[in-house]
Amino acid sequence: MFFDLFRSSLPKNFLEGACDMHSHLLPGVDDGFPDFEKTMEGLSFMKKLGYRKAKMTPHFMKDYRENVRETIEAKYQEFLAKAGPLPLELSLAGEYMLDSQFLDRFEEGFLTLDREQTMVLCETSYMMAEPNAKEMLYQIMLKGLQPVIAHPERYNYASMALYKRWKERDYLLQLNLLSLGGAYGDTAKAKARKLLVEKMYNYVGTDLHRVANVERWIEAIKLTTKERDQLEVLLENNKTL
Ligand SMILES: [Fe+2]
């Protein structure tokens, strides 16, 4: 494509020392990594890409009812005990679907992204948001917590006007890195590029579910200098988590 003449691939060591703040590496709890061995392969793969740290952010949603804070924390500890020394520094958080179960999460408390324990990674379904999603986000803020909205570029129903409203309400936005390579289609890619240059994102994550094809999608990422500079800002922000 003509406009891609002004874009280039990510430099070789672009992800060196990076922190991934969104992954489904905790084995056997959701649609992410299915077992211990695959997770260990996933961690080595991340290390090879240059990552230094990763957060495991399993799904908390009504489709995985058994995923409550207590069981996820126990499975994480079980994983650490079995794994021994790890190629990456790991920590545990969660990705919370704004669905009909969401308000119950306040009782058990959230597995947050940051050291201050305020940042809650939230998602909606891709096709349409739960009618009460707006109220749920408001409730998070009311409790003194900070919503971080995962992969906004992937929400088919969301317009730039909605993204702007989210920013006006001080919600933070997290880019899925592979959206920039087209892993979720051309619309998500175009939205990701636009949100990136407009400095709407705060953080970037892989949302890693499987290692297959990830290198291909990373190689497919072609950015302008402006986009790449902004992506670097996000990687720096990630290091504060
Ligand atoms: Fe995710």
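How many bridges pair β2 and β3? In this predicted model, the count is 2 bridges, and the pairing runs in the parallel sense. One spot to look for is C19, which stands opposite K53 in β3. Between the two strands comes a helix: β2, helix α1 (residues 36–49) and β3 together make a right-handed β-α-β unit.

These strands belong to an open sheet of 3 strands, laid out in the order β2-β3-β5 with parallel pairing. The edges are taken by β2 (19–20) and β5 (89–92), each of which pairs on one side only. On the β5 side, strand β3 (residues 53–56) pairs with β5 in the parallel sense over 4 bridges. Two residues of that stretch are handy for tracing the match: K53 has E89 as its bridge partner in β5, and K55 has S91 as its partner in β5. K53 thus turns up twice, facing E89 in β5 and also standing across from C19.

A second open sheet has 6 strands, again with parallel pairing, and its order reads β4-β6-β7-β8-β9-β10. Here the edges belong to β4 (59–60) and β10 (203–205); each has a single partner strand, so one side of each is left without a neighbour in the sheet.

Strand β7 (residues 119–123) is a good place to start looking at this sheet. How many of its 5 residues are buried? The tally is 5 of the 5, so β7 is largely enclosed by the rest of the structure. Its side chains split between two directions: M119, L121 and E123 point one way, while V120 and C122 point the other way, and all are buried. For a charged residue such as E123, the cut-off is the one used for any other: a residue is buried if 20 or more other C-beta atoms lie within 10 Å of its own.

On one side, β7 is joined by 3 bridges to strand β6 (residues 95–97), and the two run parallel. The bridge partner of M97 in β7 is E123. A further 4 bridges join β7 to strand β8 (residues 146–150), again running parallel, and here L121 stands opposite V148 in β8. The link from β7 to β8 goes by way of a helix: β7, helix α4 (residues 133–142) and β8 make a right-handed β-α-β unit. Next along, β8 and strand β9 (residues 172–176) pair in the parallel sense over 3 bridges. In that pairing, A150 finds its bridge partner in Q174 of β9.

Helix α8 then comes into the picture. This helix lies across β9 and β10, running at about 85° to β10. Helix α8 (residues 225–238) also meets helix α6 (residues 186–197): their axes come within 9 Å and cross at roughly 75°. That makes α6 roughly perpendicular to α8. The contact is made by R193, L196 and V197 on the α6 side and by K226, E227, Q230 and L231 on the α8 side. By type, the residues of this contact divide into 3 nonpolar, 1 polar and 3 charged.

R228 also has its place in helix α8. Is R228 buried, partly exposed or exposed? It counts as partly exposed, because it has 19 C-beta neighbours inside 10 Å, and a residue needs 20 or more to be called buried. R228 and L196 are 32 residues apart in sequence, yet their C-alpha atoms are 9.0 Å apart in space.

Finally, the loop between β10 and α7 (214–219) holds a couple of residues worth a look, one of them being D207. Phi of D207 is near 55°, a positive value in a residue other than glycine. N213 is found in the loop between β10 and α7 too, and its phi, near 75°, is likewise positive in a residue other than glycine. Which of the words buried and exposed fits each of them? D207 is buried, with 25 other C-beta atoms within 10 Å, whereas N213 is exposed, with 12 other C-beta atoms within 10 Å.

Notes. Residues numbered from 1 in each chain as written. Predicted model: local features only at pLDDT ≥ 70, side-chain atom pairs only at ≥ 80, totals over all residues. Axes fitted to C-alpha atoms, helices over the stretch in contact; angles between N-to-C directions. Parallel < 35°, antiparallel > 145°, perpendicular 65-115°, else oblique. Contact = placed C-beta atoms within 7 Å. Nonpolar A, V, L, I, M, F, W, Y, C, P; charged D, E, K, R; others polar. Pairing = 2+ DSSP bridges. Right-handed = clockwise from strand over helix to strand, strands pointing away.
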